[in-house]
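User: Could you take a close look at the turn between two neighbouring strands in this model, and then follow the chain outward from there? I would like to know what surrounds that spot and how the charged residues and cysteines are placed.

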Amino acid sequence: MMHIIKLCVGVATLEELERYREERAHWWGADYGENVHVHRTRMMPKRRAEIEGQGSIYWVISGVIRCRQPILRLAEAVDEQGLGCCDIIMAPDMVRTIPRPKSPFQGWRYLDPKDAPADLEHGGFADGGSAELAEELAKLGLI
């Protein structure tokens, strides 16, 4: 199994990402069904078989990994300029993770499962009000 990590450029909060996803659910005219979210990226992962139906995309929002979405599949697509690209088809579930600072990078990167932050609820932070506490503890290097 392998994950992907991606910067969420232009989005400042998890709530803003959720609103954006709803507005752009079928932005490119691709129809992958009603209960999915799609993110278009330039390159198809070479490790596709390790990701599809097994991995997640971890979103970096304002310099912090904050959540993940399960990846259902990766589809080859063609953009409006006729160039090949990849549609990342994700479950609509946004799973909050234990916040972890992440330096900027371009595009997406592979994220080994052993390096992925745990889900917030599995880290002992089950209630929503604990996300801020988890982030402060992560900044201090305590989790």
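Analyst:
**A close look at one loop**

S62 counts as partly exposed because its relative accessibility is 48%; on this scale buried means under 20% relative accessible area, exposed over 50% and partly exposed in between, with a 1.4 Å probe and protein chains only. S62 sits in the loop between β3 and β4, where helices (H or I, at least four residues) and strands (E, at least two) are DSSP runs numbered from the N terminus. Its phi is near 55°, a positive value in a residue other than glycine.

A word on the ground rules before going further. This is a predicted model, so local features need pLDDT of at least 70 and side-chain atom pairs count only at pLDDT 80 or more, while totals for chains, interfaces and linings use all residues. Residues are numbered from 1 along each chain as its sequence is written, and side-chain values use heavy atoms, with hydrogens and water left out.

Stepping back, the chain has three helices and seven strands, which run β-α-β-α-β-β-β-β-β-α from the N terminus on. Of its 143 residues, 44% count as buried. Contacts here are heavy atoms within 4.5 Å; among those between residues at least 6 apart in sequence, 66% join residues at least 24 apart.

Now to the strands on either side of the loop. Both β3 (56-61) and β4 (64-78) supply at least two residues to the largest nonpolar core, as do α1 (14-23) and β5 (84-90). Such a core is a set of buried Ala, Val, Leu, Ile, Met, Phe, Trp, Tyr and Cys residues joined through side-chain atoms within 4.5 Å. This one has 18 residues, and L17, I57, W59, I61, I71 and I88 touch the most other members. Setting aside neighbours within four places in sequence, W59 is in contact with K6, L7, C8, L17, H39, V64, I65, R66, C67, Q69 and M90. Apart from the largest core lies another, of eight residues, including L7, V60, I65 and F105.

A helix residue also reaches this region. L14 is found in α1 and is buried, at a relative accessible area of 5%. Not counting residues up to four places away in sequence, L14 touches I61, C67, M94 and R96. The C-alpha atoms of L14 and C67 are separated by 7.8 Å, although the two residues are 53 apart along the chain.

What about the charged residues? Side chains of opposite charge can pair when their charged atoms come close. The whole structure holds eight salt bridges, each being a side-chain nitrogen of Lys or Arg within 4 Å of a carboxyl oxygen of Asp or Glu. One of them starts from β4: R68 pairs with D119, with the closest N and O atoms 2.8 Å apart. D119 lies in the loop between β7 (108-111) and α3 (130-139), 51 residues from R68, and the pair links distant parts of the chain. R68 counts as buried because its relative accessible area is 16%, and D119 is buried too, at 11%.

Another pair joins R40 and D87, at 2.7 Å from N to O. Here R40 in β2 (residues 37-41) meets D87 in β5, 47 residues apart, again linking distant parts of the chain. Both R40 and D87 are buried. The bridge between K114 and D115 spans 3.5 Å, N to O; K114 counts as exposed at 67% relative accessibility, whereas D115 is partly exposed at 38%. Salt bridges with shared partners also join R48, E52 and E76 into one network.

The cysteines complete the tour. The search finds zero disulfides, a disulfide being a pair of cysteine sulfur atoms within 2.5 Å. C8, one of the contacts of W59, is buried at 9% relative accessible area. Its sulfur is 7.4 Å from the closest cysteine sulfur, that of C67, so the two are too far apart for a bond. C85 is in no disulfide either, since the nearest cysteine sulfur, in C86, is 7.6 Å away; C85 counts as buried because its relative accessibility is 7%.
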